[in-house]
Amino acid sequence: MKSTQSKALSRRAPRPVRVPPPLTRGDEKFEGSSVLTEFEGDFGILLWQSLRNVLLWSATDPARRKGLFASGAEERRRVKLLSADVDDALRAPLAVIARLLADPAGADRRRVSSACLKIADWAEKKDKLATALAFTQAAALSGSNDARISYAVGRIARQRAEYPRAETWFRRAILLGRQGGDWESYALAFGGLGNLYVQGGNLSAAQKAHLRAFRAAKRKGLRSIQASSLHDLFVIAAERNQIRDAEELAAAALRAYGPGHARLPFFAHDVAYFWLRQSCFSSALVVLSALRPHFDRPNDQALVLAHIARAAAGASKMEQYEEAWQAAMTLMASSGSTERAAAVFLALADAAAEAEDWERTTTAAQRALLLADTREEAQTKDAAEARLKEAAEMKARPSAEAPEPWILDHADSLAENLAKSLDRQVATR
């Protein structure tokens, strides 16, 4: 018979899981050097010094923070802040970090963390992702066990193709989210892991991660994450050529998103790309044409144009193919970002191959291969190599079998609904 003490022990709450330390460095030459790479001159030095101040303060035991910085450091920093050419949006958060120099023992970690996040948000909007990552990570390391911030670190690290660092931060967000009951960050972090695995070509692991995200979101009533998880599962089914599963997931994702959702254009683009692979060129072209006003970033715009070029070539609309190809190449020439760049050039190679335009196929596939190799995007790299082989042999891809009638009927109906929803979003801006 168990004793009363044993019963009490059995009812005791489980011991919290220790959150392992995440990776905090990538290929930087020294701590914070990525900030100096993106911003030069006095302003770059000011940002870098502010970052280093926060990191040193965060790494120091709170009992030992008094006197951490030299006397007069705050005053000297304020002089630099006044003399440097600083965006107005950064003055307040940089002033918070300057005050840290005067009273490191009494500084409020929440204010320090918030200041870092404001700087990171500003940098991300400027497409300076190394700086955004550095300050988001500083916010997470400043004593905060906020799962939301850990997820943000993982998301930006994944965008920068720092996959090992991203995975450790996503896993940290999962543990912190479970411990703190932040189920939104918990589900988002599983989705982040899934996207990470997709980029690495591990579709089986990606599917499991996205299923975890979907189940958590459904259990906690997080409708937007349910929709994005169904969207991601649709993409995986499409990649695996699981046609009927993909069609069902696409319909479920559209219902979950509903009209007016901010992610609807991205979902519509993925559905259109799926139809391209099924040779449903007319349906794809209807949606892709409606998508053009919905993307602001050059690489996103270029990807839509590259797919329009492929759909037009498949539908024998060669004038439209030529126009879209040239517009996509012009955008890529002016873009300074490598995120999704490999995918854009692969899409251009696909479009050229559809048109049996072998010189362009070679040019675009070579660019895609180089970028995919640099960013360790395995699937894109393999596909680019296949396009180069096709171009070298001047051999068209085998004609896809005509889509089954049920696919064409579904595609035509869904394309019309998606295009109407996209047009309504533009009209209500």
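**Close-up views of a predicted model**

**Figure 1. Ring pairs link F234, Y257, F267 and F274 into a cluster.** The model shown here, and in every view below, is predicted. Within the cluster, look at F234 and F274. Their ring centres lie 5.6 Å apart and their planes stand at 80°, so this pair is edge-to-face. F234 belongs to helix α12 (residues 223-239), while F274 belongs to helix α14 (residues 264-277), so the pair ties together parts that are 40 residues apart in sequence. Are these two residues, F234 and F274, buried or exposed? Both F234 and F274 are buried.

**Figure 2. W183 and Y186 form a ring pair within one helix.** The count of aromatic pairs in the model comes to 11. In the pair of W183 and Y186, the ring centres are 5.2 Å apart and the planes meet at 80°, so the geometry is edge-to-face. Both residues sit in helix α10 (residues 183-199), three residues apart, which is about one helical turn. An α-helix has 3.6 residues a turn, so residues three or four places apart point the same way. W183 is partly exposed, at 25% relative accessible area. Y186 is buried, at 7%.

**Figure 3. Helix α12 is largely enclosed by the rest of the structure.** Of its 17 residues, 12 are buried, so the surroundings largely enclose the helix. Among the buried residues are I225, Q226, H231, D232, L233 and F234. Which helices help to cover the buried residues of α12? The cover includes α10, α11 (203-220), α13 (243-257) and α14. The length of the helix can be checked too. At 1.5 Å a residue, the 17 residues of α12 should span 24 Å. The end C-alpha atoms are 25 Å apart, which agrees. After α12 comes N241, which has a positive phi, near 60°.

**Figure 4. Two arginines lie over the faces of aromatic rings.** R65 lies over the face of W57, at 4.0 Å from the ring centre. R263 lies over the face of F266, at 4.2 Å from the ring centre.

**Figure 5. C116 and C280 are buried cysteines in a structure with zero disulfides.** A disulfide is a covalent bond between the sulfur atoms of two cysteines. How many disulfides does the structure hold? The structure holds zero. C116 has 0% relative accessibility, so it counts as buried. C280 is at 3%, so C280 counts as buried too.

**Figure 6. P298 lies in helix α16 and touches L331 and S335.** Helix α16 covers residues 298-314, and P298 has its place there. At 30% relative accessibility, P298 counts as partly exposed. What does P298 touch, leaving out residues up to four places away in sequence? The partners are L331 and S335. N53 gives a second reference point. P298 and N53 are 245 residues apart along the chain, and their C-alpha atoms are separated by 35 Å.

**Figure 7. Residues 1-11 have pLDDT below 50.** For the chain, the mean pLDDT is 91, and 93% of the residues reach 70 or more. Over residues 1-11 the pLDDT is below 50. Beyond near neighbours in sequence, this stretch has one contact in the model. Where pLDDT is low, the predicted coordinates should not be read in detail.

Terms used: Residues numbered from 1 in each chain as written. Predicted model: local features only at pLDDT ≥ 70, side-chain atom pairs only at ≥ 80, totals over all residues. Heavy atoms only, no water. Phe/Tyr/Trp six-rings, centres within 6.5 Å; stacked < 30°, edge-to-face > 60°. Helix = DSSP H or I, 4+ residues; strand = E, 2+ residues; numbered from the N terminus. Buried < 20%, exposed > 50% of the residue type's maximum accessible area, 1.4 Å probe, protein only. Lys NZ or Arg CZ within 6 Å of the ring centre and 35° of its normal. Disulfide = S-S within 2.5 Å. pLDDT = per-residue confidence, 0-100. Contact = heavy atoms within 4.5 Å. Expected span 1.5 Å × (residues − 1).
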